[in-house]
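Me: Hey, I've just opened this one and don't know my way around yet. Can you walk me through it?

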Amino acid sequence: MSLTSKRRMPPNIGLVIHNMQEILKISRTAVPFQQVLNELELHELSSNEISKIRNEIQARNCKLLLEDDYIQFQPTYDVRNKQDLLNLIKEFDAKGLGGIILDELEDSYEGVRSDVCDLVDKNLVYKLENKAQRFSVLFYKDPKYHVNIDKAISEKWRLESISGKPDKEIKQELLKKGKQPLRIQKAKEERTTHMPKSKTSRRKQAEKRSKLLQENVEQMIHASKKTTLKKEPST
C-alpha cells in the first residue's frame, strides 16, 4: 500500500441525514434517493454505507419518508403559506384540539414566523407565551366574537382598578370618586339566646341580606351611570 494514498473516512450518518433534510425542505416533493446522495457529493459510498444511511432514516424520527428508492421531507404540519397556516389553526379550534405550538411549525416553510406575526397583528390569531416552558401557543381568534371597547372606558377601568386592595383602601377610593361604599344592615339579633335559630329563620335573614345587597348594588350602578354617561340629545 502506498504511503501517499489517502484513506477515505466513513460518512457521518447524522450529518448526511441533516443535509438531506435541508435539501428536501426546499423541494417538498419525493425525489430519487440516489439523486440526493449525488447532490451531497457522496459518489463513493459503498453499498454497505448506503444501507446504513437508509436504515438510520427508517429508525430515526427525522421527518424523512423513504419509500421505493424515493425520499421526501415530511414536516409536522403540511402548511406552505399563510392561508394554509390560518386554515390549520381554524381546524384545531373547530375540532376542539386547542392550540398549536409555534416551534412545531418551524419546519413547515420559510417565513412561517413572519406570517404568524402578521396574523396576530390582524387579530386573527392569539399568541400565548408559556414562560415556564419557554414556548408559544397559537389559537384561532374568531372575528365574530370580537368586542370593541372604547379606549376611554379601558383607561378609566385601569385607573380605577382596585384588585388586591384591602377593604379600607377600596372605601377611600370610592369616596374619592364621589361614590358611597356599600353598606349592609345587619339584622337585629333576638334576645332569646336559649333557643337556637331555626333553618327557616336563618334562611329569611339570608334572603333579607341578599335583597339589601342587590338594592345597594343597583343604587351604585344607577349613580355611576348618571355621573359617567352623557345624556343623548332629544330628537
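Me: Before anything else, how much of the accessible surface belongs to carbon and sulfur atoms?
Reply: Carbon and sulfur atoms hold 51% of an accessible surface of about 19,000 Å². Keep in mind that this is a predicted model.

Me: OK, what pLDDT does the protein chain average?
Reply: The average is 77, and 67% of the residues score at least 70. Residues 1-5 have a pLDDT below 50, and beyond near neighbours in sequence that stretch has 0 contacts in the model.

Me: How many helices and strands are there?
Reply: The protein chain has 8 helices and 6 strands. Starting at the N terminus, the elements go α-β-α-α-β-β-α-β-α-β-β-α-α-α.

Me: And what share of the residues is buried?
Reply: Buried residues are 22% of the 235 in the protein chain. As for contacts with a separation of 6 or more, 56% of them link residues 24 or more positions apart.

Me: Let's do strands. How do strand 2 and strand 3 pair?
Reply: They pair in the antiparallel sense, over 4 bridges. Glutamate 67 stands opposite tyrosine 70 in strand 3, and leucine 65 stands opposite glutamine 72 in strand 3.

Me: Which way do the side chains of strand 2 point?
Reply: They alternate: Leu64 and Leu66 are buried and point to one face, while Leu65 and Glu67 point to the other and are not buried. Strand 3 alternates too, with Ile71 and Phe73 buried on one face, and Tyr70 and Gln72 pointing to the other and not buried.

Me: Why would they alternate?
Reply: That's what a regular strand does: its side chains alternate between the two faces of the sheet.

Me: What joins strand 1 to strand 3?
Reply: Strand 1, residues 31-32, is joined to strand 3 by 2 bridges, and the two run antiparallel. Valine 31 stands opposite isoleucine 71 there.

Me: Back to the hairpin of strand 2 and strand 3. Which residue takes a positive phi?
Reply: Aspartate 68, with a phi near 50°, in a hairpin that has 2 residues between the strands. Most residues other than glycine have a negative phi. Aspartate 68 isn't a glycine, yet its phi is positive.

Me: Is aspartate 68 buried or exposed?
Reply: Aspartate 68 is exposed, with a relative accessible area of 71%.

Me: What about asparagine 123, what's its phi?
Reply: About 60°, so to speak on the positive side, although asparagine 123 is not a glycine. Asparagine 123 is in the loop between helix 5 (112-121) and strand 5, and it is partly exposed at 36% relative accessible area.

Me: Now the sheet with strand 4. What's the strand order?
Reply: The order is 4-6-5, in an open sheet of 3 strands with antiparallel pairing. Strand 4 (100-101) and strand 5 (125-130) are at the edges with a single partner strand each, so one side of each has no neighbour in the sheet.

Me: How many bridges join strand 4 to strand 6?
Reply: There are 2, and strand 6 covers residues 135-140. Isoleucine 100 sits opposite leucine 138 in strand 6.

Me: Which strands does helix 4 lie across?
Reply: Helix 4, residues 82-94, lies across strand 4, strand 5 and strand 6, and runs at about 80° to strand 6.

Me: And how do helix 4 and helix 5 cross?
Reply: Their axes come within 10 Å and cross at roughly 65°. The contact is made by Lys82, Leu85 and Leu86 of helix 4, with Val112, Asp115, Val116, Asp118 and Leu119 of helix 5. The crossing of helix 4 and helix 5 is right-handed.

Me: Last one: where is valine 79?
Reply: Valine 79 is in the loop between strand 3 and helix 4.

Me: Buried or exposed?
Reply: Valine 79 counts as buried because its relative accessibility is 3%, and buried means under 20%.

Me: What does valine 79 touch?
Reply: Leaving aside residues up to four places away in sequence, valine 79 touches Arg28, Asp84, Leu85, Leu88, Leu105, Ser108 and Tyr109. Take leucine 105: it is 26 residues from valine 79 along the chain, and their C-alpha atoms are separated by 8.3 Å.

Methods:
Residues numbered from 1 in each chain as written. Heavy atoms only, no water. Buried < 20%, exposed > 50% of the residue type's maximum accessible area, 1.4 Å probe, protein only. Contact = heavy atoms within 4.5 Å. Areas by Shrake-Rupley, 256 points an atom, 1.4 Å probe, with all protein chains shown as cover. Pairing = 2+ DSSP bridges. Axes fitted to C-alpha atoms, helices over the stretch in contact; angles between N-to-C directions. pLDDT = per-residue confidence, 0-100. Left-handed = near helix turned anticlockwise from the far one by under 90°.
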